Amino acid sequence: APEELIGFDEEQLENLVASDYRQEFSEFRQVLFSGQQTDKNMRCQLVHRDESVRYVDIYGMSIVFEGKPSAQMVFADVTEQVEAERLKTRFQKEQEQNTLFQRMISMLSHDLRTPLTVISLSRELLEDYYDKLTEQERHKRLAIIQRQTQFALELLTDTVAVARSNMDGVGFRPIALNLATLCQVSVDEVTAASSGNRKITFVNVGDVETVTVDEVLVSRILLNLLSNAIKYSPDHSEIRLELDRRDGWIVFRVIDHG
């Protein structure tokens, strides 16, 4: 509370700052109190008495108070802004990865078409003209099938290897985050990346805020559902994302007219 800050000494003040930022905050405060610089800003984390961590922007100004060098500092809580920016960055990364996977599937489909066609034609030739082919021609056709089969398997192996390299380290990692913010970020990013005149509306039906979920997996769920809703919905139609809760479960509900 404001009244609790009156009479704080330097050590008490710095104890409010998260340990990773204390050295920077100490230097920040010393510069202001020395009068060497008229104003200075920084971003750090403050630790709440309930041990939660809040991001704050500190705007400092050197002043003279009762004839002594002093400092005036304004603390602005920017936790929600920082969280939204972080979630936006994460969602953009998921979009890039989703685009990469789609491109890989498209390339694999294209590249497999040739060897599969060759295998199919060689099989038909052996089936229809087996008795008319010489033993050498039969072995030649079988060798073609074997070579093209090996080529197709190598394509599959390479594609799986690339996919796995992009999925390294992905497991189930639940953290506490504002799920409503993540939903809004998802809606904004998918809308910005799409063409056409489809409107996505987000409604927090169950007043859900901070919950413990896997940020990456939820981002992928929302990206998949919203992208499909846009892809299969006609222009000028409305898509609705609802966030709800029921019997201890979190519910995502996507409504479209596609």
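**Helix H6, its partner H7, and glycine 258**

In this predicted model, helix H6 (a DSSP run of H or I, at least four residues, numbered from the N terminus) covers residues 179–193, and its 15 residues reach 21 Å from first to last C-alpha, close to the 21 Å expected at 1.5 Å a residue (that is, 1.5 Å times one less than the number of residues). Residues are numbered from 1 along each chain as its sequence is written, and side-chain values use heavy atoms, with hydrogens and water left out. Local features need pLDDT of at least 70 and side-chain atom pairs count only at pLDDT 80 or more, while totals for chains, interfaces and linings use all residues.

At the N-terminal end of H6, asparagine 178 acts as the cap, with a side-chain oxygen 3.1 Å from the backbone nitrogen of alanine 180. Buried residues in H6 (under 20% relative accessible area, 1.4 Å probe, protein chains only) include Leu179, Leu182, Cys183, Ser186, Val187 and Val190. Those six also turn up in the packing against H7, where they meet Val218, Leu222, Leu226 and Ile230, among others (contact being heavy atoms within 4.5 Å).

H7 spans residues 215–231, and the two helices pack at about 40° with axes 10 Å apart (lines fitted to C-alpha atoms over the stretch in contact, with angles from 0 to 180 degrees between N-to-C directions). That makes H6 oblique to H7, since angles under 35 degrees count as roughly parallel, over 145 as roughly antiparallel, 65 to 115 as roughly perpendicular and the rest as oblique.

Elsewhere, glycine 258 sits in the segment after strand S8 (249–255) (a strand being an E run of at least two residues). Glycine 258 is exposed at 69% relative accessible area (the cut-off is over 50%).

Key
A polar contact is a pair of N or O atoms within 3.5 Å; within protein, one must be able to donate a hydrogen and the other to accept it, and residues adjacent in sequence count only if both atoms are side-chain atoms.
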